[in-house]
Amino acid sequence: MKTSHLKGWARMYFPAPDNDIQVTVDAHAAFNPNGASTPTRSWGTFRISHRLKLPDGTWFTNWGDLEVDCLTTGGPTATITGTLTRVTPGGPWEELLKERTRMGVSFYVAGKGGGPSRIGLSGGPQPGDGQLRKCMAPAADAPVIKGGYELVDKK
């Protein structure tokens, strides 16, 4: 059995001032040794945290903990998906928690001289979009500005 893992935390660039988005992850997967790209089993957790300044000058943090249901890896890239298990009490993701909404995150983990690492977030679905499919996430487009990840591809 081959396994992969992705661990770490990072703050990603966000184009609006007074926003701080961080993704913390501890995800693992087992793969068929015959080279299948879809994992036979995935486990772990990740957290998406978004701290922002409100118009009255106070700060609010919206966060969600997710249980990993898929981790795929290939070279310096990884994609994870998971379903919400806990959210900020009274926050905007409470309805998504009731529906066990799936979210996805993609990662480009830059090696030495590979430029900045990057993260891509799916966020929650818009009304009528339906559930995000397992193992799917948008391109890793936002540069990491602090922190980083350790990615071990199928060993």
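In the structure described here, F107 is buried, having a relative accessible area of 1%, where buried stands for under 20% relative accessible area, exposed for over 50%, and partly exposed for what lies in between (1.4 Å probe, protein chains only). The structure is a predicted model, in which local features need pLDDT of at least 70 and side-chain atom pairs count only at pLDDT 80 or more, while totals for chains, interfaces and linings use all residues. Residues are numbered from 1 along each chain as its sequence is written, and side-chain values use heavy atoms, with hydrogens and water left out.

F107 takes part in the one aromatic pair that a search of the whole structure finds. Its partner is Y149, and the arrangement of F107 and Y149 is edge-to-face, with 4.9 Å from centre to centre and 70 degrees between the planes. A pair of aromatic rings is described by the distance of the centres and the angle of the planes. By the criterion applied, rings of Phe, Tyr and Trp (its six-membered ring) pair if their centres lie within 6.5 Å, and planes under 30 degrees apart count as stacked, those over 60 as edge-to-face and the rest as tilted. Because F107 lies in strand β6 (residues 102-108) and Y149 in strand β8, the pair ties together parts that are 42 residues apart in sequence; helices (H or I, at least four residues) and strands (E, at least two) are DSSP runs, numbered from the N terminus. Y149 is also buried, with a relative accessible area of 12%.

Both of these aromatic residues reappear in the largest nonpolar core, which has 29 residues and in which L6, I80, F107, I119 and Y149 touch the most other members. A nonpolar core is here a set of buried Ala, Val, Leu, Ile, Met, Phe, Trp, Tyr and Cys residues joined through side-chain atoms within 4.5 Å. The elements that give two or more residues to this core are β1, β2 (19-31), β3, β4 (59-74), β5 (77-87), β6 and β8, and the largest share, six residues, comes from β2. I119, when residues up to four places away in sequence are not counted, touches several residues, among them A10, V23, F107, A142 and Y149, a contact being defined by heavy atoms within 4.5 Å.

Strand β8 (residues 142-152) pairs in the antiparallel sense with strand β1 (residues 2-12) over eight bridges, two strands being taken to pair if DSSP finds at least two bridges between them. In this pairing K7 stands opposite E150 in β8. Strand β7 (residues 118-121) also pairs with β8 in the antiparallel sense, over two bridges, and there I119 stands opposite A142 in β8. R11, which is found in strand β1, counts as partly exposed at 24% relative accessibility. Although R11 and V144 are 133 residues apart along the chain, their C-alpha atoms are separated by 5.8 Å. With residues up to four places away in sequence not counted, R11 touches D20, I21, Q22, P143, V144, I145 and K146.

Two residues of strand β3 (residues 41-53) were examined in turn, the one being T45 and the other S42. T45 counts as partly exposed at 48% relative accessibility, whereas S42 is buried, with a relative accessible area of 15%. The C-alpha atoms of T45 and D69, which are 24 residues apart along the chain, are separated by 9.0 Å. Leaving aside neighbours within four places in sequence, T45 is in contact with T24, V25, D26, A27, L66 and V68, and S42, on that basis, is in contact with H28, A29, V68, D69, C70 and L71. A polar atom of the S42 side chain lies 3.1 Å from the backbone nitrogen of L71.

Charged side chains are also placed over aromatic rings, a charge sitting over a ring if NZ of Lys or CZ of Arg is within 6 Å of the ring centre and within 35 degrees of the ring normal. R47 lies over the face of W63, at 4.2 Å from the ring centre, and K154 lies over the face of F31, at 4.9 Å from the ring centre.

Finally, two loop residues call for a remark on their backbone. R100, in the loop between α1 (94-98) and β6, has a positive phi of about 50 degrees although R100 is not a glycine, and R100 counts as partly exposed at 40% relative accessibility. C135, in the loop between β7 and β8, has a positive phi of about 70 degrees, although C135 is not a glycine either, and at 22% relative accessibility C135 counts as partly exposed.

Definitions and conventions:
A polar contact is a pair of N or O atoms within 3.5 Å; within protein, one must be able to donate a hydrogen and the other to accept it, and residues adjacent in sequence count only if both atoms are side-chain atoms.
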